[in-house]
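Student: I have a chain open and want to go through it. Where should we start?
Tutor: With the terms, then the overall make-up, then a few residues.

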Amino acid sequence: YHQSNLNEVLKQENFDTFSYNWYDGDDRDSMRRTVAEARLFIENFDKQFQNLLLLGAVGTGKTFLSNCIAKELMDSCHSVVYLTAFQLFDMLSKAAFGGERSAQNYQQTYPYLFDCDLLIIDDMGTEMGTAFTVSALYNLINNRLMAHRPMIVNTNLLPDELKKRYSPAVASRLLGEFKQLRFFGDDIRMLKSRMQR
């Protein structure tokens, strides 16, 4: 935890603080199945290579569940790197185009992207879409797939939207090599905000 960029948030977002009360009816049943899949992912982490693609509307719990998984794996001495898509591509673009100092900084962090036990990319699809980001994403995903290094990717985009936004090669890997978990329900952040008024 000392070296983790997840240190503080995991005190608030973990399986102990996870609640199904924000979901109703079929959405709650669906979330129970999704959490069961997440726990299975953790249980089999060292035995079975798997990636997760979490899809759903804003505020339905994708980031929260990713943090729950991260905490469990970090507690069992696995290395986890969490970055929003914006942070990831900002770092990669500065390394590529930001001059010598940025390149040197990148050389220190670069291995973690490819070698950490679990890489979490949050809010994919919110970044500025360019040819560079598509190429960088393909390189990162493809290299981790070949090395059997698991990933979790969270996005508000549906499969058809992923295909339109990214290259066929990226979409093929995301939709073909990742287990898809769907999130349904209302925006939990908005629900919490209304309760505090």
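Tutor: Buried means under 20% relative accessible area, exposed means over 50%, and partly exposed lies in between, using a 1.4 Å probe and protein chains only. This is a predicted model, in which local features need pLDDT of at least 70 and side-chain atom pairs count only at pLDDT 80 or more, while totals for chains, interfaces and linings use all residues. Residues are numbered from 1 along each chain as its sequence is written, and side-chain values use heavy atoms, with hydrogens and water left out.

Student: OK, what percentage of the protein chain counts as buried?
Tutor: 43% of its 197 residues.

Student: And how many helices and strands are there?
Tutor: The protein chain has nine helices and five strands. These are DSSP runs numbered from the N terminus: helices are H or I with at least four residues, strands are E with at least two. The order from the N terminus is α-α-β-α-β-α-α-β-α-β-α-α-β-α.

Student: What share of the contacts is long in sequence, 24 or more positions apart?
Tutor: A contact means heavy atoms within 4.5 Å. Among contacts in the protein chain with a separation of 6 or more, 82% join residues 24 or more positions apart.

Student: Switching to single residues. Where is Lys 62?
Tutor: Lys 62 belongs to helix α3, residues 62–75.

Student: Which side chain of opposite charge is nearest to Lys 62?
Tutor: Asp 123, 6.0 Å away; Lys 62 is buried and has no salt bridge. A salt bridge needs a side-chain nitrogen of Lys or Arg within 4 Å of a carboxyl oxygen of Asp or Glu. For charge, Lys and Arg count as positive and Asp and Glu as negative, with His and the chain ends not counted.

Student: What does the side chain of Lys 62 reach, then?
Tutor: The backbone oxygen of Ala 57, at 2.9 Å. Beyond four places in sequence, Lys 62 touches several residues, including Asn 154, Thr 155 and Phe 183.

Student: Next, His 78. Buried or exposed?
Tutor: His 78 counts as buried, because its relative accessibility is 14%. His 78 sits in the loop between α3 and β2 (80–84).

Student: Which side chain makes a polar contact with His 78?
Tutor: That of Asp 46, at 2.9 Å. A polar contact is a pair of N or O atoms within 3.5 Å; within protein, one must be able to donate a hydrogen and the other to accept it, and residues adjacent in sequence count only if both atoms are side-chain atoms.
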